[in-house]
Amino acid sequence: MSRRRSRPRQKAPSASPALSPGAPCPCGLPSSYAGCCGRFHRGPAAAPTAEALMRSRYSAFAVRDRAYLLRTWHPGTAPERLEPDPRTRWRRLEILGSAGGSPFHTEGTVSFRAHFTERGREGVMEEHSRFVRHAGAWVYLDASGAP
């Protein structure tokens, strides 16, 4: 997910949304945050597939983990800075489809729909994301918009 914006931003608070390790994972899988995407965010494990990376990046947007988002972005397409909007609350992720992206592939795509609330209004973002292996790990390359 890129969620790049061109409008001016208000200063973002430095704290991430509170999410206990036992809370349900924002990515929607039936696991706790600690046992699902949290283990990728903390660093001891790497996402084994493009879809797992997509889910973990969605969760990173939900908890505003800028370091993880930048760490899992291809260096050729990553922004210099990333400031997730503190007014955006990511509510639900739907995976619409994927191609490639297994532990045996070097490229993969994931189409998804991400539901959010921003300034009290509900919204949906659809994207067809491309992932590649870089230095042995899956990274987000870019997006081609709606699937």
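**Exercise 1. Exposure and salt bridges**

Task: Decide whether Glu-94 counts as buried, exposed or partly exposed, and then find which residues are linked with Glu-94 in a network of salt bridges.

Solution. Step 1: The cut-offs come first, and a residue is buried under 20% relative accessible area, exposed over 50%, and partly exposed in between, as found with a 1.4 Å probe and with protein chains only. Glu-94 has a relative accessibility of 22%, so this residue counts as partly exposed. The structure is a predicted model, in which local features need pLDDT of at least 70 and side-chain atom pairs count only at pLDDT 80 or more, while totals for chains, interfaces and linings use all residues. Residues are numbered from 1 along each chain as its sequence is written, and side-chain values use heavy atoms, with hydrogens and water left out.

Step 2: A salt bridge is a side-chain nitrogen of Lys or Arg within 4 Å of a carboxyl oxygen of Asp or Glu. Glu-94 meets this condition with Arg-92, since their closest N and O atoms are 3.6 Å apart, and Arg-92 is itself partly exposed at 43%.

Step 3: Glu-126 and Arg-113 also form a salt bridge through their side chains, with 2.8 Å from N to O. Glu-126 belongs to strand E3 and Arg-113 to strand E2, and this pair links distant parts of the chain, 13 residues apart. Both partners are partly exposed, Glu-126 with a relative accessible area of 31% and Arg-113 with 23%.

Step 4: The residues linked with Glu-94 in the network are therefore Arg-92, Arg-113 and Glu-126.

**Exercise 2. A salt bridge that reaches a loop**

Task: Find which parts of the protein are tied together by the salt bridge of Glu-83 and Arg-66.

Solution. Step 1: A search of the whole structure finds eight salt bridges. In one of them the side chains of Glu-83 and Arg-66 meet, at 2.9 Å from N to O.

Step 2: Glu-83 lies in the loop between H3 and E1, whereas Arg-66 lies in helix H3, so the pair joins parts that are 17 residues apart in sequence.

Step 3: For the surroundings of the two partners, Glu-83 counts as partly exposed at 26%, and Arg-66 is partly exposed at 36%.

**Exercise 3. Helices, strands and the sheet**

Task: Work out in what order the strands stand in the sheet, and say which strands helix H2 touches.

Solution. Step 1: Helices (H or I, at least four residues) and strands (E, at least two) are DSSP runs, numbered from the N terminus. The protein has three helices and four strands, and along the sequence these follow the pattern α-α-α-β-β-β-β.

Step 2: Two strands pair if DSSP finds at least two bridges between them. The four strands form an open sheet in the order E1-E2-E3-E4, and the pairing is antiparallel. E1 and E4 are the edge strands, each of which pairs on one side only.

Step 3: Between E2 and E3 there are twelve bridges in the antiparallel sense. Within this part of the sheet, Thr-109 has Arg-130 of E3 as its bridge partner. H2 packs on the sheet and touches E1, E2, E3 and E4, and its direction makes about 170 degrees with that of E1. For such angles, axes are lines fitted to C-alpha atoms, for helices over the stretch in contact, and the angles run from 0 to 180 degrees between N-to-C directions.

**Exercise 4. The nonpolar cores**

Task: Find which element supplies the largest share of the largest nonpolar core, and which residues Leu-53 touches.

Solution. Step 1: A nonpolar core is a set of buried Ala, Val, Leu, Ile, Met, Phe, Trp, Tyr and Cys residues joined through side-chain atoms within 4.5 Å. The largest one has 24 residues, and among those with the most contacts inside it are Leu-53, Trp-90 and Phe-131.

Step 2: H2, H3, E1, E2, E3 and E4 each supply at least two residues of this core. The largest share, eight residues, comes from H2. A second, separate core has six residues, including Cys-25, Cys-36 and Val-63.

Step 3: Contact means heavy atoms within 4.5 Å. When residues up to four places away in sequence are not counted, Leu-53 touches Ala-47, Tyr-68, Thr-72, Phe-131, Trp-138, Val-139 and Tyr-140.
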